[in-house]
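This report describes how two protein chains meet. Please view the sequence and the model below before reading on.

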There are 2 protein chains.
Amino acid sequence: MNNLIDKAQASTDNATLAALEQAKKANIETVWDRYQAQLPQCGFGETGLCCRHCMQGPCRISPFGESPQKGVCGANADVMVARWISRAVAAGTASHGGHAKHLAHTLLKSAIGEAPDYSIKDEAKLKAVAQRVGIETDNRSTNDIGKDVARKALEEFSEKDSPLTWAATTVTGGRVDSFVKHGVVPTGIDSEVAEIMHRTTYGVDADAINLLLGAVKCALADYAGCHIATDIADVLFGTPKPLITQANLGVINPDAVNIAVHGHNPLLSDMISQIASDADLNEKAKAAGASAGINIVGVCCTGNEVMVRHGIPLATSSVSQEMAIVTGALDAMVVDYQCIMPSVATVAECYHTKLITTMPIAKIPGSVHIEFHESNAKQTAQTIIEHAIDAFKKRDPSKINIPTIKSKAFAGFSAEAIIEALALVNKDDPLKPLIDNIVAGNIYGVCLFAGCNNVKVPQDANYVSMIKELARNNVLILSTGCASGAFARQGFMTQEATNEYAGDGLKAVLTAIGEAAGLGGPLPLVLHMGSCVDNSRAADVAVAVANKLGVDLDKLPVVASAPEPVTEKAVAIGTWAVAAGLPTHLGVIPPVLGSKTVVEVLTSAIKGMFGGYFIVEPDPIQAARVLLDAISERRKGLGLSVVEFATEVV
Amino acid sequence: MNNLIDKAQASTDNATLAALEQAKKANIETVWDRYQAQLPQCGFGETGLCCRHCMQGPCRISPFGESPQKGVCGANADVMVARWISRAVAAGTASHGGHAKHLAHTLLKSAIGEAPDYSIKDEAKLKAVAQRVGIETDNRSTNDIGKDVARKALEEFSEKDSPLTWAATTVTGGRVDSFVKHGVVPTGIDSEVAEIMHRTTYGVDADAINLLLGAVKCALADYAGCHIATDIADVLFGTPKPLITQANLGVINPDAVNIAVHGHNPLLSDMISQIASDADLNEKAKAAGASAGINIVGVCCTGNEVMVRHGIPLATSSVSQEMAIVTGALDAMVVDYQCIMPSVATVAECYHTKLITTMPIAKIPGSVHIEFHESNAKQTAQTIIEHAIDAFKKRDPSKINIPTIKSKAFAGFSAEAIIEALALVNKDDPLKPLIDNIVAGNIYGVCLFAGCNNVKVPQDANYVSMIKELARNNVLILSTGCASGAFARQGFMTQEATNEYAGDGLKAVLTAIGEAAGLGGPLPLVLHMGSCVDNSRAADVAVAVANKLGVDLDKLPVVASAPEPVTEKAVAIGTWAVAAGLPTHLGVIPPVLGSKTVVEVLTSAIKGMFGGYFIVEPDPIQAARVLLDAISERRKGLGLSVVEFATEVV
């Protein structure tokens with residue numbers, strides 16, 4: 001089982017490594033073992049040259065130009081690769097869409113009294129969203145507005161005669177023109193997913209470029225889905241504001257009933273976080289022997305959701321999720337959907353930990369299934385906590401081994417929070433300080449980090465190398481999703497990190513804002529914007545800046561990076577980031593190298609259409625350098641000063 | 001290129017074999033060559049033990065029980081296989097759904113005057129559909145009813161609070177109860193597709209049985225999509241009535257401008273068929289040298305659509321589609337979507353044939369793209385015919401070699417047409433003769449043949465062996481899709497076939513009805529019901545019989561078979577056939593053998609839930625025998641006489 005060849009290949013995070021050592025001793029199979037067992041991975045699959053879309057296959061194409069060069073039906077490498085990308089985007093869109101639809105249904109139910117445990121917590125956000133999407137707000141009750149926003153959001157899932165409202169009203173006019181010009185205007189979230197599945201089935205679309213444009217259209221539906229999810233989560237649970245919390249396995253408290261919320265949607269995790277302070281429940285926990293009561297910790301994006309809103313500490317994320325259980329002190333892991341490795345069930349079997357699934361579409365054999373319904377959310381949350389308290393009693397003290405490593409982490413930088421912070425510097429024109437500093441070169445550019453941890457990369461290694469390189473060159477860093485997890489546990493969401501790694505210009509800007517905000521020092525080096533759907537928040541900031549400058553998004557010195565991407569959702573997000581005009585880096589090579597055409601289109605030709613393009617570069621320093629060059633190119637385009645990095649890069 | 005080892009492995013159809021010989025001489029690569037080049041196919045893919053749903057993969061599981069037994073995330077064989085099935089069903093559902101939605105949009109546009117070339121051709125069908133789905137018909141104009149039917153159909157694509165109307169109103173009450181009981185009630189076509197894509201992405205559903213039930217739910221949405229497609233096609237183009245036409249490559253006329261319509265939707269093919277008789281166009285064709293004017297021929301399911309409605313001859317279908325071009329006398333192949341092998345472009349390049357793509361979601365490099373819009377359908381059809389006339393002028397006489405083989409074929413047996421034929425025997429109670437004869441054993445049972453030709457099976461071989469075995473045992477044969485293509489070209493849609501192959505009981509019944517219908521002999525051995533969406537017609541007949549008998553579908557001696565299946569659509573149809581209660585045979589092993597659990601559920605445990613189940617049996621005689629046994633089991637259940645086949649099977 002434990003044939004892991006080198007710990008350094010697993011992670012750069014000491015807490016993860018300590019837990020992994022523990023797993024090794026206990027002979028527990030981990031994701032890194034399974035990866036080793038998979039090596040060498042199939043070369044056809046790795047290059048995208050495999051097709052299983054019909055029962056005449058499986059078909060494979062030789063990556064070396066030998067026979068066969070076509071599948072049974074005649075599909076060539078370009079078609080196979082483009083179809084993989086299309087279906088990945090569709091799956092990502094369906095996932096974010098499912099998450100968003102779930103929230104929209106809950107908002108509707110809450111507004112009509114069918115989900116009594118939920119309420120509209122952020123009226124200002126609700127009104128802002130309503131006004132943006134064209135819903136009347138004057139002299140109307142909050143619930144009435146909420147109902148209309150929810151219904152309008154739900155309408156986004158079916159095919160309409162018009163563009164998706166959440167896409168059309170949240171981007172620049174220039175983007176809309178470009179989407180119309182290239183025929184990629186999305187008109188329905190679920191319907192775009194279905195269209196991709198149709199066009200990628202046997203004997204439909206055989207034109208790789210047409211397929212890729214279809215994928216872009218679907219990805220823009222994904223963007224709308226992400227934006228709906230962010231908006232409604234804020235309405236129901238509050239728009240994040242800056243706060244301080246902690247991250248890494250050390251947040252698991254040996255004296256508490258520890259419950260990890262894992263997955264993506266805040267619907268359940270927020271409810272659990274809310275009632276975790278309930279006196280009766282804490283009494284029960286104490287009665288069971290947990291002197292510190294109940295301790296909720298986050299894993300992955302639902303962890304981010306409760307982290308940015310309530311300061312719930314983040315235990316771990318992505319590739320190291322099994323390690324939370326290996327601490328021996330996690331009493332329950334409660335999951336909703338997405339990015340939950342089925343293996344957590346197997347690892348949990350070696351401990352007292354209860355794995356609790358909650359969603360009808362996401363069951364795992366070996367877990368307890370407590371189905372979550374909006375109608376009695378609080379009751380479900382309570383039942384789950386009681387299960388955890390029961391489990392606590394069955395802890396095996398000999399198995400407890402919590403790495404004491406944790407880091408302070410600032411979080412909660414929603415678009416609204418960033419604007420608010422900037423308003424402390426210039427109340428009348430909050431974007432001005434940001435723009436002035438970009439113009440002056442104190443902020444050389446902006447990089448949004450997103451995505452996952454991929455087992456193929458030593459955990460966090462790419463994030464850490466890239467941020468150091470970018471920050472010292474005065475690039476402002478935003479993060480979402482498991483990128484936030486990486487930076488949080490690695491200590492980059494601190495003032496100390498700003499002082500240590502930021503270039504002089506960036507440091508001065510972050511310090512000015514931080515001091516205006518009463519922090520007695522700079523803002524953290526990374527602004528944690530939220531979960532992976534919250535990439536929409538970064539888009540909002542970029543759009544605001546573009547509109548203020550009167551230029552389109554593809555002219556801004558803004559770039560994106562997913563240094564360690566895993567999921568099909570990342571493919572969807574990356575694709576809309578490119579369509580939004582951003583040079584977008586991937587630090588793991590996706591299965592596309594089998595098609596020169598697709599590679600050429602995605603890394604080059606697409607720039608002529610949307611301004612954005614993919615940069616695939618596994619070496620993090622080189623990646624940072626390419627992103628810096630991309631920023632320079634944009635700065636040049638705006639007539640701003642540029643720095644020559646060629647000689648600077650170490 | 002032409003490394004085909006044995007012609008007998010390619011096809012059992014002499015026309016196809018003659019054309020293939022021609023292709024071989026001309027050194028033209030065909031589907032059979034490409035299949036040979038793919039051999040041996042990947043064993044992981046063949047058994048379903050390969051996963052490419054995230055960028056930590058590709059992952060493979062050893063089919064021999066060795067390491068690895070899990071993917072990087074921990075997904076096991078059951079999960080991988082169940083996810084493949086789920087996504088295949090989703091793709092199939094999206095395809096039929098796209099086709100249905102296209103028709104519904106056109107009906108709506110026609111009803112509101114935005115598609116002047118279309119009109120409601122079958123008012124009786126429109127009213128029947130309207131009444132079934134709960135739309136008022138009294139004292140309303142045809143267009144008003146049409147508008148409402150179209151809108152109601154379009155509503156089926158988004159998630160609703162209620163079951164899909166086209167599913168709930170077209171099955172037995174018992175089926176509805178069973179769907180509710182097992183949590184598989186579909187509530188939206190596109191939304192079910194999206195739900196599958198969500199639950200099959202990284203880290204969502206890891207419970208194979210839960211996944212399979214999700215696939216059943218999606219497949220029932222596919223059933224609704226198929227039914228909408230059939231209903232609206234009938235409304236716009238007329239409900240098929242029995243007619244006589246011809247099938248096989250010999251229908252290509254050396255003296256005519258030959259245009260093959262290929263794909264699935266009748267929207268364009270019906271328009272082309274309608275205007276092909278236009279005097280001016282025929283004059284143009286004659287002026288170009290085509291003394292016989294314009295000759296439209298069908299390929300695959302859009303071919304079936306115009307065959308069952310207008311008697312357009314079927315040139316070929318499925319795996320032999322390239323052969324239509326190899327005749328050297330096909331001037332244009334016009335395609336819409338689905339089952340169009342990209343290779344037709346390459347084959348067309350060797351001839352004067354113009355390959356014309358027409359749909360925005362289905363382009364093929366090397367073809368002419370003439371985009372089809374409902375708003376000017378007739379004009380598009382005319383332009384296409386003119387392209388074909390132009391191409392005719394460039395024919396190379398030395399390349400013309402049309403196999404002179406063709407067969408007579410009866411077609412057009414819609415559910416309505418079957419009931420009408422039965423009414424000739426018993427006007428007041430048309431189903432009575434059918435039921436009486438089933439009870440008496442003259443009709444031992446009913447088998448619906450559907451599906452494709454798979455390159456892994458000598459073309460039509462399974463169809464031919466199975467029909468002979470079933471017919472001589474008095475099983476009434478229905479067919480759709482490329483099963484119809486197979487039976488048509490192989491001469492089974494004739495009265496002669498009835499006389500030659502039907503058992504005495506079946507022959508007597510078919511003769512009684514045929515003579516009552518004034519055919520001077522029996523009905524054909526196979527009743528051609530239409531295209532693959534028209535499997536809904538067979539369901540309608542079965543539901544009518546079940547309701548009349550007062551039993552549920554899963555009690556009827558009705559079975560289904562896809563002896564040579566290819567597409568993801570076939571997976572979707574097969575899955576809803578099983579959920580509808582039918583024992584459903586597949587003659588090609590789908591990529592599921594890697595999971596004992598999935599195999600056990602789909603071939604056995606599912607019977608306890610829905611009555612239907614999959615039978616996977618590549619040997620056609622053995623398959624027929626298993627289906628006969630399944631029919632016997634049903635007959636026993638109804639207290640009807642049974643025959644012991646064990647000693648009868650040759």
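A salt bridge is a side-chain nitrogen of Lys or Arg within 4 Å of a carboxyl oxygen of Asp or Glu. The model is predicted: local features need pLDDT of at least 70 and side-chain atom pairs pLDDT 80 or more, while totals for chains, interfaces and linings use all residues. Residues are numbered from 1 along each chain as its sequence is written, chains are lettered from A in the order in which they are written, and side-chain values use heavy atoms, without hydrogens and water.

By the salt-bridge rule, 4 such pairs cross the interface of chain A and chain B. In one salt bridge, the side chain of A:Arg87 meets that of B:Glu568 at 2.8 Å, N to O. Polar contacts (N or O atoms within 3.5 Å, one able to donate a hydrogen and the other to accept it; residues adjacent in sequence count only if both atoms are side-chain atoms) link 58 residue pairs between chain A and chain B, both residues at pLDDT 80 or more.

On the side of chain A that touches chain B, the residues divide by class as follows.

| Class | Residues |
|---|---|
| Nonpolar (Ala, Val, Leu, Ile, Met, Phe, Trp, Tyr, Cys, Pro) | 42 residues |
| Polar (the others, Gly among them) | 26 residues |
| Charged (Asp, Glu, Lys, Arg) | 17 residues |

Chain A and chain B bury about 7200 Å² between them, 56% of it on carbon and sulfur atoms; buried area is the accessible area (1.4 Å probe) that two parts lose on being put together, summed over both. In chain A, the most area is lost to chain B by A:Arg52, A:Met55 and A:Ile361, together 13% of what that side buries.
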